[in-house]
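Subject: Handover of a structure

Dear colleague,

Please find below the sequence and the structure that I am handing over to you. My findings follow directly after them.

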Amino acid sequence: NILDIPKFDPSPIDILCQELFGCTEPCPFCGAPCDLMMCGHASSDKDESIQPHSNQLHRPECLNGYRLIDTQEMLLEICTTSVHSNRQFRNVKTKDELMYYKDYMKLYPTWHIPPDPSTQASLYWKWFVGKFADELCQHFNYKKNESSVALREWRNISWDDVKKDMKEKYKLVD
């Protein structure tokens with residue numbers, strides 16, 4: 001009987017998940033998990049040999065509650081674009097004080113987010129934000145981005161377009 005199996009510490013399920021998924025530390029801005037396979041690879045101490053958290057596919061920051069400060073509209077940019085910009089953010093960790101994204105390592109020294117204005121969110125995340133924009137606005141209490149050209153374009157992305165993009169990108173077959 002499964003109930004008779006004693007509790008293990010750590011549990012076999014935890015061990016399996018660690019081995020299968022690796023590090024899952026979320027990006028402080030978009031919430032995308034670290035994509036390195038080694039658990040415990042990053043440390044908050046200043047050890048230079050430690051490999052920082054990173055992610056190759058950052059998401060629109062609105063998926064993690066970030067908004068444009070002046071309008072309170074959802075932030076559609078991804079982290080690499082924000083780190084490249086002169087944009088500021090604030091959150092609990094900044095004690096609600098404004099801080100430049102490019103200075104993020106002062107608060108998040110275990111993360112590496114390269115400044116890159118050319119990187120865009122994947123078609124899937126654009127579709128997701130476009131399709132569920134109203135729900136995201138309600139959930140995070142955003143003001144609607146009525147004038148956003150990007151959001152209008154994202155609303156027009158079809159699920160078929162997303163599936164086709166994923167099949168090509170990840171070499172999936174039917």
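I begin with the largest pocket, which holds about 270 Å³ of space. Please note that the structure is a predicted model. In total, 17 residues line the largest pocket. Those that lie nearest its centre are Leu76, Glu77, Ile78, Ala150 and Trp154. By character, the lining of the largest pocket consists of eight nonpolar, six polar and three charged residues.

As to the overall architecture, the protein contains six helices and two strands. Followed along the sequence, these elements give the pattern α-α-β-β-α-α-α-α. Taken along the principal axes, a box of roughly 60 × 45 × 30 Å is filled by the C-alpha atoms of the protein.

Two helix pairs deserve a description, and helix H3 takes part in each of them.

The first pair to describe is H3 with H6. Helix H3 covers residues 123-131, and helix H6 covers residues 159-170. The two pack at an angle of about 160 degrees, and their axes are 9 Å apart. Since angles over 145 degrees count as roughly antiparallel, H3 and H6 are therefore roughly antiparallel to each other. The crossing in which H3 passes H6 is left-handed. On the side of H3, the contact is made by Leu123, Tyr124 and Trp127. On the side of H6, Trp159, Asp161, Val162 and Asp165 take part. Sorted by character, the residues of this contact between H3 and H6 comprise five nonpolar and two charged, with no polar residue.

The other pair is H3 with H4. Helix H4 is formed by residues 133-140, and H3 packs with H4 at an angle of about 70 degrees. The axes of H3 and H4 are 4 Å apart. An angle from 65 to 115 degrees counts as roughly perpendicular, and H3 and H4 are therefore roughly perpendicular to each other. Here H3 contributes Val129, Gly130 and Lys131 to the contact, while H4 contributes Ala133, Glu135 and Leu136. The residues of the contact of H3 with H4 divide into three nonpolar, one polar and two charged.

In short, H3 lies roughly antiparallel to H6 and roughly perpendicular to H4.

Yours sincerely,

A colleague

Technical notes: Residues numbered from 1 in each chain as written. Predicted model: local features only at pLDDT ≥ 70, side-chain atom pairs only at ≥ 80, totals over all residues. Heavy atoms only, no water. Axes fitted to C-alpha atoms, helices over the stretch in contact; angles between N-to-C directions. Parallel < 35°, antiparallel > 145°, perpendicular 65-115°, else oblique. Left-handed = near helix turned anticlockwise from the far one by under 90°. Contact = heavy atoms within 4.5 Å. Nonpolar A, V, L, I, M, F, W, Y, C, P; charged D, E, K, R; others polar. 1 Å grid on protein atoms, 1.4 Å probe; cavity = no way out; pocket = protein on both sides within 12 Å on 5 of 7 lines; lining within 4 Å. Points joined across faces, edges and corners; volume = space filled by probe spheres on them.
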